Every structure is written in C-alpha cells, then in structure tokens.
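Let's take a look at this protein model together. We'll start with its cysteines and then move on to a sheet and a helix.

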Amino acid sequence: MDSLLDKLNPVQREAVLHQKGPLLIIAGAGSGKTRTLTHRIAYMMTQGISPYNILAITFTNKAAKEMKERLVSMSEQGGQVWAATFHSTCVRILRRDIHRLGYDSNFVIYDAADSERMVKLCIRELNLNDKQYPHKSVLYFISQQKDELITPDEAERLVNDFRSKKYAEVYRLYQKKLKENNALDFDDIIFRTVELFSYFPDVLERYQERFKYLMVDEYQDTNTAQYRFVMLLAEKYRNLCVVGDDDQSIYSWRGANIRNILDFEKDFTDAKVIKLEQNYRSTQNILDAANRIICNNCKRKEKILWTDNEAGERIRFNVSDNEAAEGNFISSEIREQVKNGSSYSRFAILYRTNAQSRPLEEQLVLNGIPYRVFGGIRFYERKEIKDLLAYLRVINNPQDGLALTRIINVPRRGIGDASVQKINEYAGDNDISFFMALEQLDQITSLKTRLKAIAGFRDLIKNLIAYAKDHTVTEVINETLSVTEFTMEYALENTEEAKGRLENIEAFINKATEFESASQDKSLSAFLEEIALVADIDEYHEDQETVSLMTLHSSKGLEFPRVFITGFEEGVFPSIRSILDGGEGELEEERRLCYVGFTRAQEKLYITAARSRNRFGQTVYNTISRFYMEIPSNLIETKGLERRNRKKMETHDNRTGVSKYAEINKVRNSVDLTGAKNYIQPKMPEPKNVLLDYQIGDKVRQLKYGTGVVKDIQPAGADYEVTIEFPAHGVKKLFARLSKLKKVE
DNA sequence: TTACTATGGATTTTT
DNA sequence: TCCATAGTAA
C-alpha cells in the first residue's frame with residue numbers, strides 16, 4: 001500500500017490522497033496524469049472503496065484500455081473498475097433503460113457517414129436547395145444543437161431568421177427519422193442519456209448509487225451534454241475528480257467547452273485544485289519553447305511546466321523550397337539516424353491537415369522508409385467495408401432503412417434510384433418500414449419490370465437473416481460474401497485498388513474472428529456495436545517498426561522520441577480559416593494545438609516549413625508561421641533562412657529552386673501511391689502466391705487458437721480459405737495469408 | 001439504368 | 001489536385 005504512494009511525487013501523492021469531495025487536477029503535458037489517476041483508483045480500493053462504485057470516463061477507447069490494463073496490473077480488483085468512454089458508458093446505460101424514452105433497446109448507432117446521408121435525405125424531402133442549405137453546414141448545425149442539449153423545438157424558438165428556421169426544421173425531420181429507424185447518432189448517445197437521467201429520477205439515482213466515485217479524463221474536451229451528464233451523476237455524492245489541461249483544449253469546434261474546466265471551482269466552491277507541473281517527458285529546451293508559445297494565450301490557468309531532464313539539443317527549424325524538399329529533408333534525417341542505430345518507430349511526423357500527408361508519403365516511399373498513416377479515411381469508412389457492414393446491419397435489424405437502401409444495388413442488380421423512390425413512396429403512404437414494403441412487393445404496381453430483381457434481393461436478405469440465426473458472425477460474413485458475389489467485381493478488376501479492397505475485406509473477417517475469440521457476447525449486434533465505437537488511433541501500437549504520420553489533433557496523448565512538425569507556415573499552421581475569420585479565439589486554439597505538438601517530443605523536435613506548396617493544384621507561397629517568432633532564438637537552430645529574412649520569409653524568390661527537384665519530381669510522379677495510405681515498405685518482397693506447407697488432415701498451429709486439424713482448403717481470390725477444427729474452439733475458417741498457420745509434426 | 005462530362009468546393013474529427 | 005454531385009447521352 002505504501003509502495004503505491006512511493007512511486008509518486010509529492011503533488012501527485014496529494015492528488016491520490018484526496019479521495020472524497022470535488023477535485024480538479026490540472027495536469028500539464030507529460031506530467032504523469034494517467035499514472036496519478038490509476039494510482040488514485042488503486043489507492044481507493046486499498047481504503048475499502050469497492051471497485052464496483054468507481055467510474056472512470058475517458059474520450060478514447062485507447063485511453064480507457066490503457067487505464068484498465070494498468071489497473072489490472074496494479075490491483076487484484078482492478079479489472080472490476082468501470083473504465084470506459086463517454087459513449088460506451090452511455091450506450092450501456094441506454095441499452096437498459098432507453099425504452100422509457102420510446103426507443104427500442106436494440107437501437108443502432110449511426111456513424112458520421114450515416115448521419116450525413118440522413119441529413120441529405122431530409123434536405124431533399126423538405127425540398128430545400130443543397131446550395132442554400134449545404135448538408136455539411138446543416139449537419140454541423142444539428143450536431144451543435146445536440147452538444148448544447150437543444151431539442152428541435154427549442155432550436156426553432158431560439159432562432160429568428162428564415163434560414164435558421166429551415167435548419168431547425170431539417171433537425172426536426174432528421175430526429176424524427178432517426179427515431180423511426182430506431183437509431184441514435186453519436187451526439188444522441190450522450191443527449192438521450194442526459195434526458196433519461198433528467199426525466200426519470202429513479203434511473204439517475206440508481207447510477208448515482210452505483211457510481212459513488214467519478215473520474216473524468218481530458219475534462220477540457222467535454223461539451224455541454226457531457227458536462228451535464230457528469231454533473232447529474234456527481235450531484236449526490238460529489239466525489240468527482242476531473243483531470244485536464246486547458247492548454248490542450250483543441251476540440252472547441254466539436255463543441256468542447258473550455259469553460260467547463262475553467263469554471264470547475266465555481267461549480268464546486270469547495271473544490272481542491274492540484275497542479276501537476278513537473279514534466280517527465282521532454283527536454284528543458286522543448287518545454288521552454290512550448291511554455292513560451294502558450295504564454296501568448298490570455299484565457300488560461302497559469303502554470304509553468306518544468307523538468308529535471310537535461311536541456312537537450314536545440315529545436316531544429318528547417319525551411320525548404322517546396323513540400324517535396326520538405327519531405328526529403330525529413331526522410332534523409334530519419335534515414336541518417338536509423339543508420340546510426342535509431343529505429344523507425346521513434347519518429348512521428350505531424351501535420352495540420354490530412355491532405356499534407358501525401359507529399360510526405362511520396363518522399364518516404366522514395367527513401368524506402370516504412371511508415372503508417374493514422375486517421376484520414378478510416379478503415380470502417382472505406383466503401384467496401386461500409387457496404388459489407390450495411391449487409392450485417394440489415395441482417396441484424398431489417399428495419400435499418402438507411403443500410404438497406406445502401407446495399408439494395410450493391411453489387412449491381414439493376415435496382416436504381418427510381419425503384420428505391422417508388423418503394424419509399426409506398427412505405428411512406430402505408431406508414432411502414434422499407435423492409436415491410438419489400439415484403440408486400442406485389443402491391444407496388446409501379447415497379448413493373450424491376451419487380452423480379454427486387455424480389456430476388458429481398459429473398460437473399462431473408463435467407464441471410466435465417467442463416468444468421470444459428471451461425472457465428474464470421475460465418476455470416478462469409479455466407480454474405482458468397483451469396484452476394486460481393487467480391488466478384490473487385491476480383492475481376494484486378495487493379496491495385498481492387499486488391500487493396502479485397503485485403504481490407506480479409507482484414508475485416510479477421511477482426512470478426514478476433515472479436516469472437518475475445519468477446520463475451522459474441523452476437524452480431526455486439527460486434528456491430530463494438531465497431532461503431534472505435535477510432536483508428538485506437539489501433540496505434542508502439543511496437544510497429546514504422547514511422548508514424550498523423551495530424552496534430554490525433555497526436556494528443558501520444559509521445560515520441562523524435563517529432564517533426566511540418567508545414568509551419570501562415571495559412572497552413574495556423575490554418576487559413578483561423579487567420580481570416582476566426583478572431584483571436586480560433587488563433588488561440590491553433591496555438592494550443594502547437595503546444596500539444598511540441599510537447600509530444602521527448603528528445604528532439606524538428607520544425608519544418610516550405611516556401612511554396614501546392615494547394616488545390618496551384619502553387620502558393622507562404623510566409624513562416626507566426627508561432628516561429630514566439631520561440632526564443634536561443635532555443636532554436638534555423639536552416640534555410642537568410643538571417644536578415646528571419647522575421648519575414650520572402651515571397652517570390654526561389655522559383656529557380658524548384659528545378660533542383662525536377663529530378664525527384666519525375667521519380668515521384670512515377671511512384672504509384674494508389675492505396676498507399678497504409679504503405680509499409682516490406683524488407684523482403686512478399687510472395688505473390690501463398691505457399692501452403694500443410695494439407696487437409698495435417699495438424700497446424702495458429703497464434704490465437706492453438707493447434708487444430710485442417711479440414712478443408714478452398715481458393716479465395718489471391719488467398720486460400722482454410723477450414724480448421726480446433727479442439728478448444730470448434731471449427732474456424734481462416735485466411736492462409738493472414739492467420740500465419742504453421743504445420744506441427 | 002448506367003456511364004460519361006462539367007462544375008464547384010475543399011480544416012482539425014476523441015465517438 | 002481530388003472528390004462528390006448534377007446533368008446529359010445512350
């Protein structure tokens with residue numbers, strides 16, 4: 001028990017010992033926040049507090065998982081603590097009680113793309129013009145309202161002008177449709193839970209009793225809805241500990257309200273406030289620069305990070321002629337250091353926007369540097385995966401009209417918009433769901449020649465639903481793939497892109513298999529739910545031998561020995577929008593983003609800029625980021641800028657410099673980057689054909705399932721599907737290439 | 001119904 | 001430049 005406290009510094013210890021009543025921990029970057037939180041929970045349990053009464057809320061699955069793992073390693077009861085994201089916590093609460101709000105407890109969760117499709121439908125249905133009412137901004141409006149706990153009725157009352165009224169009208173229709181589809185979007189998950197707590201005190205009380213001790217991580221990122229959720233839960237026992245850093249608030253555009261953390265002491269006048277200011281991550285030079293930059297923001301809680309670490313090297317600032325040269329500089333720097341014994345995984349390349357990754361990737365490819373891009377188009381947002389998921393969603397819940405209309409013509413079966421429209425009309429007239437309309441197809445006389453194709457689709461779905469009743473998720477996926485001939489189009493295409501898609505499908509099947517072996521609840525609905533609530537960054541593992549590329553936003557919470565911050569230019573970082581129409585508020589958020597970026601670096605920080613870069617196909621000339629001027633010159637070593645021009649980058653010079661890179665541009669253009677999002681340069685080229693050193697009847701070993709006997713081997717595209725009977729896990733179908741089967745004697 | 005061309009818009013995105 | 005969308009031809 002004492003050893004728990006021994007591992008902490010005095011301030012951290014103070015936070016751990018304060019167990020009852022409101023507590024605000026301001027945790028600077030790299031100050032051992034997670035350590036403090038987990039120790040606090042572990043210490044609680046030694047003081048006789050039941051793990052059953054503790055709730056720790058995070059924003060990402062990754063943070064929740066990390067916390068759980070640490071707790072398990074620290075305490076026997078650690079595994080019983082409820083540590084989860086806002087969304088998964090609320091989903092669990094809703095599954096139990098949402099029927100009180102008139103929803104069915106097996107509601108589906110819409111992701112961003114589903115919401116977008118739904119908004120488009122609503123705009124069309126209200127006969128609004130997409131030019132005057134762009135779906136993106138309507139979607140943003142709706143999300144904003146929900147973050148602020150504003151219902152459609154209230155929204156309509158709150159706004160005055162005609163256009164905003166229309167926005168509110170779309171919101172109302174959107175909400176109505178979601179309910180008809182028994183669906184919740186991400187914002188609803190929080191909103192409906194707050195509603196549930198507000199309208200049904202008995203439900204609230206049950207959870208207040210259950211969660212007598214609350215902890216909220218990244219509190220600076222909470223929006224109004226999440227704030228209400230926390231306040232309601234904490235109201236009764238007031239054992240609320242929030243942890244955050246106002247300087248790392250970078251999601252205000254997603255509704256995060258920085259005031260939540262700044263006003264905590266007003267919400268709880270008896271709150272204890274603890275500041276963790278000792279940094280264990282970065283060198284003094286990096287910290288000094290970060291401190292100096294963030295000091296330029298006015299609305300913040302005063303704090304100065306310090307460290308016992310050595311001063312370290314100076315920050316390196318490098319200006320190149322164009323973005324190709326920028327990428328090349330980074331690549332040679334990495335190559336040089338790896339040659340001297342460093343490893344790829346020690347490097348991260350950060351940028352403001354995802355679009356910046358491509359020219360960087362090109363240079364990495366040219367230099368043979370293995371890398372991995374995080375974010376961008378997510379795995380579950382890829383077309384082929386979304387299509388396959390839509391099938392699963394329909395099988396799970398045929399009332400899911402959005403999913404149903406997505407796949408009705410995938411792969412092509414000659415059912416176009418016109419037919420869908422007619423079915424929709426019939427469904428609307430008779431007040432039934434799309435699927436019900438399919439059941440009564442014969443009544444829809446207008447369909448004529450298309451009737452047969454549609455009936456075929458309907459029967460296909462019905463068969464799959466029946467099949468799913470007594471088969472596992474993986475089997476259902478395989479069955480779906482085979483009866484729909486889903487992969488046929490891709491297999492025939494035989495392009496790099498199509499190959500990538502097939503690989504994604506394989507990877508998806510593997511995810512399903514993984515799910516089945518890891519999860520308690522192996523049902524299809526549990527699988528879909530898990531998928532709905534994961535992000536790509538959750539997949540980040542330190543052990544991959546690759547350089548990591550990601551946006552500055554995605555990098556929050558991570559650390560790397562060596563960090564490159566790229567595109568350090570006016571209009572790129574800070575972004576053009578924050579300069580043009582943002583006002584000081586948005587610029588301050590950019591500055592916080594810069595602070596986040598700097599504090600990711602442990603040993604060495606590089607900042608790079610390019611004099612010119614391509615923007616939407618046109619060359620633009622940027623000046624150096626204003627943030628550069630905020631770094632004291634003794635902390636930074638600058639290359640590529642004339643001394644007299646340090647304050648202001650030239651605008652028209654150096655067009656000649658481009659020719660220096662003409663050579664490399666030629667090579668660059670010949671590099672095929674299709675599907676290179678997750679490009680990992682293989683050390684040895686992988687064999688095109690899968691060589692199998694086992695046959696039917698052989699005993700093989702697989703990482704997860706152990707040993708089993710091969711029952712069948714079937715070709716599947718460029719791969720083989722191997723059926724194996726495992727004594728401990730039953731019969732599994734695995735892809736040879738991905739499941740790494742080894743023959744055992 | 002689909003396959004083509006023209007047009008205009010384009011941050012960040014924990015779930 | 002890349003992408004989604006709208007309009008048109010077949």
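## Cysteines without a bond

This is a predicted model, and a search through the whole structure turns up zero disulfides. Take C90: the nearest cysteine sulfur belongs to C241 and is 19 Å away. A disulfide needs two cysteine sulfur atoms within 2.5 Å, so C90 is in no disulfide. C241 is in no disulfide either, and its nearest cysteine sulfur is that of C90, 19 Å away.

Are these two cysteines buried or exposed? C90 is buried, with a relative accessible area of 0%. C241 is buried too, at 1%.

## A sheet with two edges

Now for the strands. Six of them form an open sheet, with parallel pairing and the order β3-β2-β6-β7-β1-β8. Which strands stand at the edges? They are β3 (82-85) and β8 (272-276). Each has a single partner strand, so one side of each is left without a neighbour in the sheet.

The strands aren't perfectly lined up: ignoring direction, neighbours in this sheet are turned by 15° against each other on average.

## Zooming in on β2 and β6

How many bridges join β2 to β6? There are four, between residues 54-58 of β2 and residues 213-216 of β6, and the two strands run parallel. One residue to find here is A56, whose bridge partner in β6 is M215.

A helix joins the picture as well. Helix α12 (residues 224-234) packs on the sheet, where it touches β2, β6 and β7 (240-244). The direction of α12 makes about 160° with that of β6.

Technical notes: Residues numbered from 1 in each chain as written. Chains lettered and ligands numbered in written order. Predicted model: local features only at pLDDT ≥ 70, side-chain atom pairs only at ≥ 80, totals over all residues. Heavy atoms only, no water. Buried < 20%, exposed > 50% of the residue type's maximum accessible area, 1.4 Å probe, protein only. Pairing = 2+ DSSP bridges. Axes fitted to C-alpha atoms, helices over the stretch in contact; angles between N-to-C directions. Contact = heavy atoms within 4.5 Å.
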